[in-house]
Amino acid sequence: MTNDQAQGYVLLACKELGISREQAEQLIYAMESQFDYYAEQEAREKVFDWLYDREK
């Protein structure tokens with residue numbers, strides 16, 4: 001999946017959840033910085049650690 005495709009899915013989810021355009025834009029900017037910082041597998045592992053509180 002490309003970065004643009006991932007952002008497309010995120011924006012669809014934002015729209016479905018009623019997130020404001022301003023917040024969605026902030027989310028996309030934050031995503032872009034993470035694309036440059038983490039490899040795909042590393043990002044997946046970190047987010048699930050955070051989501052399921054496994055970092056303690």
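**Group meeting: a three-helix chain**

Let's start with the fold. The secondary structure of this protein chain is 3 helices and 0 strands. Reading from the N terminus, the order is α-α-α. Keep in mind that this is a predicted model.

Now the overall dimensions. The C-alpha trace spans about 35 × 25 × 15 Å along its principal axes. The chain has 56 residues, and 11% of them count as buried. The exposed area is about 5,200 Å². Carbon and sulfur atoms supply 51% of that area.

Next, the helix pair at the start of the list. Two packed helices are described by the angle between their axes and the distance between the axes. Here is what we get. Helix α1 covers residues 3-17, and helix α2 covers residues 21-37. Their axes come within 11 Å. They cross at roughly 150°. The cut-off for roughly antiparallel is over 145 degrees, so α1 and α2 are roughly antiparallel to each other. And the handedness? The crossing of α1 and α2 is right-handed.

Let's go down to residues. Look at A6 in helix α1. Is A6 buried or exposed? Buried means under 20% relative accessible area. A6 has 17% relative accessibility, so A6 counts as buried. Now find I28. Along the chain, A6 and I28 are 22 residues apart. In space, their C-alpha atoms are separated by 9.8 Å.

Move to Q7, also a residue of helix α1. Q7 has a relative accessibility of 9%, so Q7 counts as buried too. Which C-alpha distance goes with Q7 and A24? The answer is 9.9 Å, for two residues 17 apart along the chain.

Now turn to the surface. V47, W50, L51 and Y52 form a nonpolar patch there. Together these four have about 480 Å² of accessible area. Take Y52 from that patch. Where does Y52 sit? Y52 is in the segment after α3, and α3 runs over 40-51. The relative accessible area of Y52 is 51%. The exposed class begins over 50%, so Y52 is exposed.

To recap. We have three helices and no strands. Helices α1 and α2 are roughly antiparallel, with a right-handed crossing. A6 is buried, and Q7 is buried. Y52 is exposed, and Y52 belongs to the nonpolar surface patch with V47, W50 and L51.

How values were computed. Residues are numbered from 1 along each chain as its sequence is written. This is a predicted model: local features need pLDDT of at least 70, side-chain atom pairs count only at pLDDT 80 or more; totals for chains, interfaces and linings use all residues. Side-chain values use heavy atoms; hydrogens and water are left out. Patches are made of residues with over 30% relative accessible area and no salt bridge: like charges are joined within 9 Å, nonpolar side chains (Val, Leu, Ile, Met, Phe, Trp, Tyr) within 5 Å. Accessible areas come from the Shrake-Rupley method with a 1.4 Å probe; for residues, only the protein chains shown count as cover. A salt bridge is a side-chain nitrogen of Lys or Arg within 4 Å of a carboxyl oxygen of Asp or Glu. Helices (H or I, at least four residues) and strands (E, at least two) are DSSP runs, numbered from the N terminus. Buried means under 20% relative accessible area, exposed over 50%, partly exposed in between (1.4 Å probe, protein chains only). Axes are lines fitted to C-alpha atoms, for helices over the stretch in contact, and angles run from 0 to 180 degrees between N-to-C directions. Angles under 35 degrees count as roughly parallel, over 145 as roughly antiparallel, 65 to 115 as roughly perpendicular and the rest as oblique. A crossing is left-handed if the near helix is turned anticlockwise from the far one by less than a right angle, and right-handed if clockwise.
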